[in-house]
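Please look over the sequence and the structure shown here before reading on. The report after them is written for someone meeting this structure for the first time.

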Amino acid sequence: MLGVPAIKVKNAIDYIEESCRIVVDTIELVGKNVKPGVTTYELDKLAEDFIVSRGAEPSFKGYQVKNLVYQYSLCISVNDEVVHGLPNKKRILQEGDIVSIDCGAYKNGYHGDSAFTFAVGLISEEKKKLLQVTHEALMLGVEQATGRNKVYSISGAIQRYVEKNGFSLVRELVGHGVGEHLHEDPSIPNFIPPLLHRDQYPNTRLQVGRALAIEPMVNAGKLKVVSDPDGWTIRTADGKPSAHFEHTVVVQEKDPPIILTLPN
Ligand code: MF3
Ligand code: CO
């Protein structure tokens, strides 16, 4: 109508998108500072200040699992650490390391969630292939996230590609819906659960308009992981490296999803 200013009512996805942009910008900033000599604690501080400067809160800080409260803004997992590595003043990055930066931001009542694994300087051929295969597996999983598919379409695409390349998928941690809560239904395993274990991760149809966090965690060696005494850090049992990439995406009916956490 003439003379009436156009107002746009924001919906949940607009807010998730805004939180995701903050996450992407944070990971980019942290990535520029991933180099030999820097501590993972310094990277966490950098991230926290940046997230707050954008009017958001770090999703992970204060996150509670049973009686443990997470105290940091990022999960920083180096080499054989799979996920949930704790930023640490004594952990100094070295040439040849691979470093997963996992970040969540919360603003206007909605979360965004993404992870990227960076190389510190020159890395081994095995680590290079691990990063490439894990990222490619993520993108193949993402491609399956349509309203015509179910959860296991994502799981199967990721699993097939990773195992074809001789790597293995962690069973203990999974992707998830994201929105008002960091972790929502559905759970998105990066593997198709064995026949008698499918109740834990039901193969539901993907809902158009919903945001999903898809996040393969890939081990160069065997799939077995162990937990550190700190109660958070998950690492490979065989000591081989592990990589982690994660995107938040919005499901569409037929086309591949909109990826809200693409790098700038
Ligand atoms: N980054 C994890 C995820 O992608 C969650 C972090 S758990 C926290 O789902 F406790 F560290 F916050
Ligand atoms: Co996540």
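What follows describes the ligand surroundings and then two helix pairs.

This is a predicted model, in which local features need pLDDT of at least 70 and side-chain atom pairs count only at pLDDT 80 or more, while totals for chains, interfaces and linings use all residues. Residues are numbered from 1 along each chain as its sequence is written, chains are lettered from A and ligands numbered from 1 in the order in which they are written, and side-chain values use heavy atoms, with hydrogens and water left out.

The residues around ligand 1 (those with a heavy atom within 4 Å of it) include Phe-60, Tyr-63, His-176 and Trp-232. Three side chains place an N or O atom at the distances below from an oxygen atom of ligand 1, a polar contact being a pair of N or O atoms within 3.5 Å.

| Side chain | Distance to an oxygen atom of ligand 1 |
|---|---|
| Asp-113 | 3.1 Å |
| His-183 | 2.6 Å |
| Glu-246 | 3.2 Å |

Helices are DSSP runs of H or I with at least four residues, numbered from the N terminus. The axes of helix 3 (residues 125–143) and helix 4 (residues 151–164), which are lines fitted to C-alpha atoms over the stretch in contact, with angles running from 0 to 180 degrees between N-to-C directions, come within 8 Å and cross at roughly 155 degrees. That makes helix 3 roughly antiparallel to helix 4 (an angle over 145 degrees). In their contact (heavy atoms within 4.5 Å), residues of helix 3 including Val-133 and Leu-140 meet residues of helix 4 including Ile-154 and Tyr-161.

Helix 1 (residues 12–32) and helix 2 (residues 40–53) pack at an angle of about 145 degrees, with their axes 10 Å apart.

Methods:
Helices (H or I, at least four residues) and strands (E, at least two) are DSSP runs, numbered from the N terminus. Angles under 35 degrees count as roughly parallel, over 145 as roughly antiparallel, 65 to 115 as roughly perpendicular and the rest as oblique. A polar contact is a pair of N or O atoms within 3.5 Å; within protein, one must be able to donate a hydrogen and the other to accept it, and residues adjacent in sequence count only if both atoms are side-chain atoms.
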